[in-house]
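I opened this entry to log a few look-ups. Charged contacts come first, then the chain as a whole, then the surface.

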Amino acid sequence: MEQERKATDAAQIVRQLRFSQLPERIRLEDTIEEQPAVAQDPARDAYNPDEWLVRNCL
């Protein structure tokens, strides 16, 4: 019984050490990543759904 109590107390001490404090605050500026905008790729809009219908369904 004493063995279980010591194990429980040790586990409780470990939990208290780990979870007794909140993590350090992170500033909002540090959570935002900015990337420059990329110019639109003309090949991206080269697909025309109407053309697909004409070529495959007629």
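I looked for salt bridges in this predicted model and found 1 in the structure. Asp30 and Arg27 form it through their side chains, with 3.1 Å from N to O. That falls within the 4 Å cut-off, so I accept the pair as a salt bridge. Next I checked the cover on Arg27. Its relative accessible area is 53%. The cut-off for exposed is over 50%, so I note Arg27 as exposed.

Then I turned to the whole chain. I find 2 helices and 0 strands in the protein chain. How much of the chain is buried? I get 0% of the 58 residues. The exposed area of the protein chain comes to about 6,700 Å². Carbon and sulfur atoms supply 54% of that area.

Last, I looked for nonpolar surface. Which residues make a nonpolar patch? I list Tyr47, Trp52 and Leu53, with a patch of about 360 Å². I followed Leu53 further. I place Leu53 in helix H2, which covers residues 49-57. Its relative accessible area is 44%. That lies between the 20% and 50% limits, so I enter Leu53 as partly exposed. A patch member needs over 30%, so Leu53 passes that test too.

How values were computed:
Residues are numbered from 1 along each chain as its sequence is written. This is a predicted model: local features need pLDDT of at least 70, side-chain atom pairs count only at pLDDT 80 or more; totals for chains, interfaces and linings use all residues. Side-chain values use heavy atoms; hydrogens and water are left out. Patches are made of residues with over 30% relative accessible area and no salt bridge: like charges are joined within 9 Å, nonpolar side chains (Val, Leu, Ile, Met, Phe, Trp, Tyr) within 5 Å. Accessible areas come from the Shrake-Rupley method with a 1.4 Å probe; for residues, only the protein chains shown count as cover. Helices (H or I, at least four residues) and strands (E, at least two) are DSSP runs, numbered from the N terminus. Buried means under 20% relative accessible area, exposed over 50%, partly exposed in between (1.4 Å probe, protein chains only).
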